[in-house]
Amino acid sequence: MQATASVAQVAGPALGGQLLRIVSAGAVVGVNVVTYLLSVVFVSRIRAVEELPPREERKPILHEIREGLAFVVHQPLLVRMVACTSIGNLGWSVISALETLFVLRTLGLSPAALGTALSAASVGGLLGALAGERAARLVGEARLIPVSAVAMVAPGVLIPSPAPCPGRPSRA
């Protein structure tokens with residue numbers, strides 16, 4: 001599944017950036033809406049049937065949430081995994097938002113160039129997804145998440161290193 005998501009991350013930003021050169025931002029959002037509608041059609045065609053236990057046998061959802069959290073809290077490895085991925089996702093969300101502003105306003109690149117750069121950067125995610133099983137055997141499943149988190153810091157530190165494009169005034 002991660003390989004599929006990585007392929008989308010490689011192709012999506014570049015296609016979106018190129019599409020912005022041709023049509024308006026509203027039309028690009030419209031294309032995204034169409035892809036979601038296609039997803040609805042394809043998901044609705046799944047014929048697998050899930051049988052839920054009878055309602056009287058099910059616990060209230062809040063009870064199940066408490067039960068799940070209690071299980072995670074009492075598993076030191078799961079606590080570290082949840083903390084690592086949560087902090088990493090928060091940090092990466094902040095970086096992604098600021099990176100877009102930095103590239104478009106300070107560096108003066110076009111949305112198409114940003115999309116192409118994001119697609120190129122996502123190739124690493126695709127390679128990581130393809131190498132994940134081998135890396136887990138090599139490093140160990142328990143160590144792979146923190147090792148990956150530390151490895152992601154280096155490229156993030158390099159984000160502010162480019163200079164504005166020559167001949168293009170920055171919009172900072």
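## A walk through the model, one selection at a time

Start by selecting Lys-59 and Glu-67: their side chains meet in a salt bridge, with 2.8 Å from N to O. Keep in mind as you look around that this is a predicted model. Colour the pair by accessibility and you'll find Lys-59 partly exposed, at a relative accessible area of 40%. Glu-67 is partly exposed too, with a relative accessible area of 40%.

How many salt bridges does a search of the whole structure find? Two. For the other bridge, jump to Glu-133 and Arg-137, whose side chains meet at 3.3 Å, N to O. Both residues sit in helix H5, four residues apart, which is about one turn of the helix. Are these partners buried or exposed? Glu-133 has 59% relative accessibility, so it counts as exposed, the cut-off being over 50%. Arg-137 counts as exposed as well, at 60%.

While you're here, select the whole of H5, residues 111-139. Where does this helix bend? Put your cursor on Gly-132: H5 bends there by about 55°. Then step just past the end of the helix to Gly-140, which takes a positive phi of about 105°.

Now for the covered side of things. Within H5, select Ala-112, Leu-114, Gly-115, Ser-119, Ser-122 and Ala-136, which are buried. Zoom in on Ser-119, another stop in helix H5. Why does Ser-119 count as buried? Its relative accessibility is 6%, and buried means under 20%, so Ser-119 qualifies. What does Ser-119 touch? Leaving out residues up to four places away in sequence, show Gln-9, Val-10, Ala-11, Pro-13 and Ala-14, and you have its contacts.

For the last stop, switch on the surface and select Val-34, Leu-38, Val-41 and Phe-42. Together these residues form a nonpolar patch on the surface, with about 380 Å² of accessible area. Phe-42 is worth picking out of the group: its place is in helix H2, which covers residues 25-44. Is Phe-42 buried or exposed? With 56% relative accessibility, Phe-42 is over the 50% cut-off and therefore counts as exposed.

To compare two stops, show Ser-119 and Phe-42 side by side: Ser-119 is buried at 6% relative accessibility, whereas Phe-42 is exposed at 56%.

Note on methods
Residues are numbered from 1 along each chain as its sequence is written. This is a predicted model: local features need pLDDT of at least 70, side-chain atom pairs count only at pLDDT 80 or more; totals for chains, interfaces and linings use all residues. Side-chain values use heavy atoms; hydrogens and water are left out. The bend at a residue is the angle between axes fitted to the seven residues ending there and the seven starting there. Helices (H or I, at least four residues) and strands (E, at least two) are DSSP runs, numbered from the N terminus. Buried means under 20% relative accessible area, exposed over 50%, partly exposed in between (1.4 Å probe, protein chains only). Patches are made of residues with over 30% relative accessible area and no salt bridge: like charges are joined within 9 Å, nonpolar side chains (Val, Leu, Ile, Met, Phe, Trp, Tyr) within 5 Å. Accessible areas come from the Shrake-Rupley method with a 1.4 Å probe; for residues, only the protein chains shown count as cover. A salt bridge is a side-chain nitrogen of Lys or Arg within 4 Å of a carboxyl oxygen of Asp or Glu. Contact means heavy atoms within 4.5 Å.
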